[in-house]
Amino acid sequence: MSKTNKTTILIIGGGIGGLSTALGLARLGKEVHVLEQAPEFKEVGAGIQLAPNALRVLDKLGVLESVYDFSVFPRRNVAMCAITGRELSAIEYGDKFVKKFGYQYALMHRADLLSALVEACKDTGLVTMLTNHKVESIENDGDRVFVTCTNGLSYESEVVIGADGVKSKTREIIAGSEDEPVFSDYVAYRGTVPIEEIARDVDIKEDEKLTWIGPNIHLVQYALRRKEIFNQVAVFKTSKYQKGNENNDKWGTPEELDERFSTSCETVRRAVTFMHRQRRWPMFDRNPIYNWTQGRMTLLGDAAHAMVQYLAQGACQSFEDADSIVEKFQMFGDNYEKALQAYQEERIPRATKVQGMARKMGDIIHAEDPTTILMRDYIMENRKPDDYSLMEYLYSPQK
């Protein structure tokens, strides 16, 4: 029988949320172990949007400079009609935006962001990052949490933080097995292409982030890595999904992708031909729960509040989680139960509100009803590009 490894803080999940939390706790002088089930610390997907609320945390973690080295800073965030091709609205990310929120709006490759966090964690000398550690079981025994992995290794920790994603095993312990991910009926195809390749056929905007919206579809486009590659995410509502057929390949297919975007304007139709088609991404979120913590175990990131992507706030809210939990550990020292309770009391109301806002935004951009579309477009076309009132709740400092 293998011996049980004793740790102080154990984080399950080596994604962006888990590593930013590990880094922040290491900055406090805490020793942290991170368990990642994959063979390496690697982000799946391509682009990520970092709003001021995320950059504010990355600045506190001391990695903002390395993040900026790999970022593209769009001049505008533009909403386009996917059917007519006309511009509906824009947000200007200029000096007025920075003056109001303190930071720019950054676009970067997820792999670059994760790499920056991995290197920063290594530099602390206090973060042990372990791969090929898929969690098999978790037992919470009051002042200790016992974690067993499928590789036969086990851990006894004073604190466990579940940052293990939308299909979190840690959440199952806290919320019960009936609390399951919620499928939104939407599927995404995503990927990058060299800019010079797509620019031969599509009129792209290297210095803007574009979101083409239409009934039950949208397409997001922006440049990455010093504008060398172009990131695209095509999202559509599948009509062929039925509960129980989650694992078959009869729904959300590339053929359905083409069918759903067939009524789009020529620019969008051409852009969709450049999508990577090897993998579909079903879009799940979670219904809110009003307790994340059990003794010395808590949830963080998607495990706590997975949300649909329509506000580009999933990762941003994970950074806010990390910032909050680090602050509470600093405030309450070794009183871990009090720290975790204070963390969830601060974060649950805000994260729950953002989850709801994201769902509503999906309804708005994917509207089918002609009257709703007319009202939406009228409002969008008449807002000023330097009107940031709708963003204040998301981007402004919370304290």
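Contact here means heavy atoms within 4.5 Å. The model is predicted. In this sense of contact, Ser 324 meets Tyr 343, Glu 346 and Arg 347, when its neighbours within four places in sequence are left aside. Ser 324 lies in helix α11. With a relative accessibility of 1%, Ser 324 is counted as buried, because the cut-off for buried is under 20% relative accessible area.

The three partners of Ser 324 belong to helix α12: Tyr 343, Glu 346 and Arg 347 are listed among the α12 residues that meet α11. Two packed helices are described by the angle between their axes and the distance between the axes. For α11 and helix α12 (residues 336–365), the axes come within 8 Å and cross at roughly 155°. The two helices, α11 and α12, are therefore roughly antiparallel, since angles over 145 degrees are counted in that way. The crossing of α11 and α12 is right-handed. On the α11 side, the residues in contact include Gln 317, Glu 320, Asp 321, Ile 325, Lys 328 and Phe 332. On the α12 side, they include Tyr 336, Leu 340, Arg 350 and Val 354. By class, ten residues of the contact of α11 with α12 are nonpolar, two are polar and eight are charged.

Helix α11 (residues 314–332) also packs against helix α1 (residues 16–27), with axes that come within 9 Å and cross at roughly 25°. The helices α1 and α11 are therefore roughly parallel to each other, because angles under 35 degrees fall in that class. The crossing of α1 and α11 is right-handed. Ile 16, Gly 17, Ser 20, Thr 21, Gly 24 and Leu 25 form the α1 side of the contact, and Ser 318, Phe 319, Ala 322, Ile 325, Val 326 and Phe 329 form the α11 side. The residues of the contact of α1 with α11 comprise seven nonpolar, five polar and no charged. Ile 325 and Phe 329 of α11 appear in the contact with α1 and also in the contact with α12.

Among the strands, seven form an open sheet in the order β5-β4-β12-β13-β14-β11-β15, with mixed pairing. Its edge strands, each paired on one side only, are β5 (87–92) and β15 (281–285). On average, neighbouring strands of this sheet are turned by 20° against each other, direction ignored. At the β5 end of the order, strand β4 (residues 76–81) runs antiparallel to β5 and is joined to β5 by five bridges. In this pair, Ala 79 of β4 stands opposite Ser 89 in β5. Helix α13 (residues 370–381) lies across β4, β5 and β12 (208–214), and runs at about 40° to β5.

A further antiparallel pair consists of strand β8 (residues 135–140) and strand β9 (residues 145–149), joined by five bridges. Strands β8 and β9 form a hairpin with four residues between them, and Gly 142 in the turn has a positive phi of about 75°. Glu 139 stands opposite Phe 146 in β9. Val 135 also lies in β8. With a relative accessible area of 12%, Val 135 is buried. Beyond residues up to four places away in sequence, Val 135 touches Ile 12, Leu 35, Val 147, Thr 148, Cys 149 and Lys 169. The C-alpha atoms of Val 135 and Leu 19 are separated by 17 Å, and the two residues are 116 residues apart along the chain.

Key: Residues numbered from 1 in each chain as written. Predicted model: local features only at pLDDT ≥ 70, side-chain atom pairs only at ≥ 80, totals over all residues. Heavy atoms only, no water. Pairing = 2+ DSSP bridges. Axes fitted to C-alpha atoms, helices over the stretch in contact; angles between N-to-C directions. Parallel < 35°, antiparallel > 145°, perpendicular 65-115°, else oblique. Left-handed = near helix turned anticlockwise from the far one by under 90°. Nonpolar A, V, L, I, M, F, W, Y, C, P; charged D, E, K, R; others polar. Buried < 20%, exposed > 50% of the residue type's maximum accessible area, 1.4 Å probe, protein only.
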